[in-house]
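User: Please take a close look at one part of this model and go through it step by step. I would like a connected account rather than a list.

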Amino acid sequence: MGYDTTELNKNSRRDSLRPVPNQNRIFGMTTYITLWISSMVVIQLFMIGQSFLPPVGNLNIIQAALVTIISAFIIGIFFVVNSKPGMVHGIPFIVQARLPFGYHGARIVSLIRVIPAIFWYGIGSWIGASAINYVTQTIWGYSNIWLYFILFQVLQTIIGYFGIKSIKWFDSLLSVVVLGFLGYIVYQLISVGNINMATSWNTAPDWGMPFFAAITASVGILITAAINNGDLSRYLKNDAKHNWVGHIVGIVPMFIIMLAIGVLSAAATGIWDPVQALVSVIPNPAVAVAMMIFIVVAQFTSNLTINIEPPALVLMEIFNLKWGHSVIIVGILSIVTFPWLLITSSSFSTFIAFYSAFLGPLLGILISDYYFVRRQKVNIDAMYENTVKYSWLGLGSLFIGGIIGVIFLPISWMVSLPISTFLYWAGCTYIPTFKNRVSEEQNRVKLG
């Protein structure tokens with residue numbers, strides 16, 4: 001067997017986006033599950049969970065539990081459904097997007113996924129640096145958040161630089177550490193924290209907008225990763241069981257745990273800041289050091305999978321850069337987003353809310369194209385041809401859905417996703433130009 005050009009390593013370029021043959025897939029079910037266990041320690045999920053209960057939120061404890069379970073089920077389905085094209089055909093997200101959006105159109109819509117990733121990469125690193133700084137300042141009186149932040153960026157860049165195997169083994173091996181610390185955090189919150197559920201038990205249930213907005217926010221945190229997960233699932237052994245079990249076991253329980261810890265933290269400490277909430281239940285300096293290690297590991301693992309790999313892959317595809325160089329550029333870009341300012345800016349939260357309105361339509365169109373329009377029969381060769389530069393049906397459906405999502409911002413993707421899914425399907429079914437194009441591609445599939 002010759003050199004595997006589809007393996008993502010430091011020297012990979014655009015040709016590594018070709019379909020990954022099944023014999024070259026590096027993830028079995030076990031390593032894929034452990035990869036996601038590590039990657040799911042997403043600090044934003046923790047913060048969302050904290051916001052459910054009073055005084056920040058309007059939900060009671062029963063509603064918070066329902067939101068957690070419903071959101072976990074939805075995100076699990078999204079991952080399973082949209083990861084299948086990558087696993088079956090070995091293609092990444094930006095190639096999958098070429099059929100509904102066109103060769104160059106896919107590059108445009110990929111920005112909807114990768115720009116937030118760059119922002120959250122910087123913010124995740126800043127949160128991790130803040131955690132280390134808080135602990136070292138409290139225990140040893142030493143404070144240097146800028147040093148910690150730069151070290152965060154450098155170390156994450158080094159791990160990501162060497163490619164998919166480096167990410168695989170780092171995240172998979174540290175899953176045990178992640179699980180151990182999550183269990184310990186729950187224990188500390190219950191035993192040390194002042195658990196007071198009375199307020200949340202007695203809060204009058206509101207099953208209107210606050211309830212659905214909480215689901216929208218919870219799912220919205222990870223809908224970005226569901227959109228481009230073909231980037232990872234293309235390296236998963238092609239087996240339907242791997243897709244279902246890998247995502248349901250690797251993602252759903254951890255999703256529930258992270259939201260639940262956020263809820264528990266709010267009830268136990270009354271502190272909204274995630275770092276201070278965790279540190280407040282630390283009993284001694286030794287545990288503080290261990291907690292610091294956990295926070296570092298958690299930010300590394302989630303950033304590598306969710307925030308570094310997607311934008312680096314898109315840079316590599318658009319500019320034909322080496323993977324290693326793309327990772328370095330993404331690290332630099334995440335610094336110049338000024339995360340130390342963004343994390344406290346109300347305008348940034350508004351920007352993300354508006355931006356996220358387009359994520360649902362993007363996911364809906366990808367699902368509509370693969371399952372309803374092409375019925376899971378795709379022409380792989382057509383995905384690598386620059387015949388259709390822009391598909392105005394896909395781009396138009398995305399734009400319309402996104403605008404509607406902005407109008408209904410608190411429940412953006414709940415409204416925009418089904419609308420864009422339907423618009424794209426209807427256009428491919430009833431508009432002659434697009435209907436004929438799909439028919440021609442389907443004929444090529446049958447003949448090929």
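Analyst: Helices here are DSSP runs of H or I with at least four residues, numbered from the N terminus. The model is a predicted one. The part chosen is helix α16, which covers residues 323–336.

Its length can be checked first. With 14 residues at 1.5 Å a residue, α16 should span 20 Å, and its end C-alpha atoms are indeed 20 Å apart, so the two values agree.

Next comes burial, for which the cut-off is under 20% relative accessible area. In α16 the residues W323, G324, S326, V327, V330, G331 and S334 are buried. Viewed down the helix axis, these buried residues fall within an arc of 160 degrees, and therefore line one face of α16. The partners they pack against are α6 (105–140), α7 (145–161), α15 (285–319) and α17 (339–342). Just after α16, F338 has a positive phi of about 55 degrees.

One of those partners, α15, can be followed a little further. It contains I295, whose relative accessible area of 8% means that this residue is buried. Setting aside neighbours within four places in sequence, I295 is in contact with G128 and A131. Its C-alpha atom is separated by 9.9 Å from that of L278, which is 17 residues away along the chain.

To recap α16 itself: the end-to-end distance agrees with the expected span, and its buried residues pack against four helices, α6, α7, α15 and α17.

Methods. Residues are numbered from 1 along each chain as its sequence is written. This is a predicted model: local features need pLDDT of at least 70, side-chain atom pairs count only at pLDDT 80 or more; totals for chains, interfaces and linings use all residues. Side-chain values use heavy atoms; hydrogens and water are left out. Helices (H or I, at least four residues) and strands (E, at least two) are DSSP runs, numbered from the N terminus. The expected span of a helix is 1.5 Å times one less than its number of residues. Buried means under 20% relative accessible area, exposed over 50%, partly exposed in between (1.4 Å probe, protein chains only). The arc is that of the directions from the helix axis to the C-beta atoms. Contact means heavy atoms within 4.5 Å.
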